[in-house]
Each structure stands twice: as structure tokens, then as C-alpha cells.
Amino acid sequence: MNQPVCRAVAHGHLDVVRLLGQQGARMNINESTIAAHHTALCMAAHGGELDMVQALLRHGQIDVNLSDQWFEDPLILAVKGGHFSIVDALVVNPRQKYFSLKRSLDLARNDCIQRAIRSRMEDDNTPQTLLKRPPRRRFGGL
């Protein structure tokens, strides 16, 4: 484990994670460990560390869809661990991909987790008002 943020998450040092998160672009928040290819977010989600997950999600460059060597992303790890609060924090993230939501729903055994994921999937399927064509306007005199 060679990344400072991964070390901080692995040892439960929330203050260090927050401090590193303030470094912004100078730190690669998505760097993974050498052995298992876990990102810091994967490690925090797997361990059920809600405060750690929230601190990592505040970083503007975090990729919530990166997976480990077993193709498990943070959402799948949280679902498998039964960590509802972490699932809830991840599904509301606008960068969460539909494919990950679908895979996680297939793995979910907890009703609350299934509802949270379904709710997000349904929100993604609703027509967006921004995509609607504005009404035609008539201009006088032409």
C-alpha cells in the first residue's frame, strides 16, 4: 500500500483523509493500492466507514465507478457489506453509472438497499426537463 490516502483510510485516520482531500489537484485521489487495486473509496465503502466515504466524495476528482481487481466498485462493496448509509451516500452521487446501479441491485438482499438503488434508477429514467424543446415563439412583423 503506497498511496498516502489509501494508508490513511486503511488505518482509520479521518483527519488525514480530510487534510489530503484539501490538497486538491496535487493528489491523485483515484490511485489504487498495488496488491488488490483498491481505491481509497473502495476501502472505505468495504469497511463501512461513512465519515471516510463522505470525506472522499467531497473531492472533486473522485471517480465513484473505479473497481478493484474483482471488478467490484465502491457501491457493490457497500451493498455486499450491507452498509445502507454508504449505499445511500453513493447512489445520490450524480457520477454513479447506471451499470453499477443495476449490478448492485442484482446483488442487494436488503430491502432498504434495494429501494434506495431502485429510487435512483427510476430518477435516472425520468424525462429531463432540460432536454425538452422550448415552445415556438412567434415574432411580430415578419
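1. A good place to start is D68, which sits in the loop connecting α4 (50-57) to α5 (74-81). Please keep in mind throughout that this is a predicted model.

2. The surroundings of D68 deserve a look. This residue is buried but has no salt bridge; R103, the nearest side chain of opposite charge, lies 7.7 Å away. A salt bridge would need a side-chain nitrogen of Lys or Arg within 4 Å of the carboxyl oxygen.

3. D68 does have polar partners. Its side chain makes a polar contact with the side chain of H38, at 3.1 Å, and the side chain of D68 also reaches the backbone nitrogen of W70 at 2.9 Å.

4. On to the cysteines: the count of disulfides comes to 0. Take C6, whose sulfur is 9.2 Å from the closest cysteine sulfur, that of C42. Because a disulfide requires the two sulfur atoms to be within 2.5 Å, this separation is too far for a bond.

5. The cysteines are also worth viewing by burial. C6 is buried, at 0% relative accessible area, whereas C112 is partly exposed, with a relative accessibility of 36%.

6. Stepping back to the fold, the protein chain has 8 helices and 0 strands, so you can read its elements from the N terminus simply as α-α-α-α-α-α-α-α.

7. Some totals for the protein chain: 40% of its 142 residues count as buried. Among contacts with a separation of 6 or more, 65% join residues 24 or more positions apart. The exposed area is about 9,100 Å², with 52% of it supplied by carbon and sulfur atoms.

Note on methods. Residues numbered from 1 in each chain as written. Predicted model: local features only at pLDDT ≥ 70, side-chain atom pairs only at ≥ 80, totals over all residues. Heavy atoms only, no water. Helix = DSSP H or I, 4+ residues; strand = E, 2+ residues; numbered from the N terminus. Buried < 20%, exposed > 50% of the residue type's maximum accessible area, 1.4 Å probe, protein only. Lys, Arg positive; Asp, Glu negative; His and termini not counted. Polar contact = N/O pair within 3.5 Å; in protein donor to acceptor, adjacent residues only side chain to side chain. Contact = heavy atoms within 4.5 Å. Areas by Shrake-Rupley, 256 points an atom, 1.4 Å probe, with all protein chains shown as cover.
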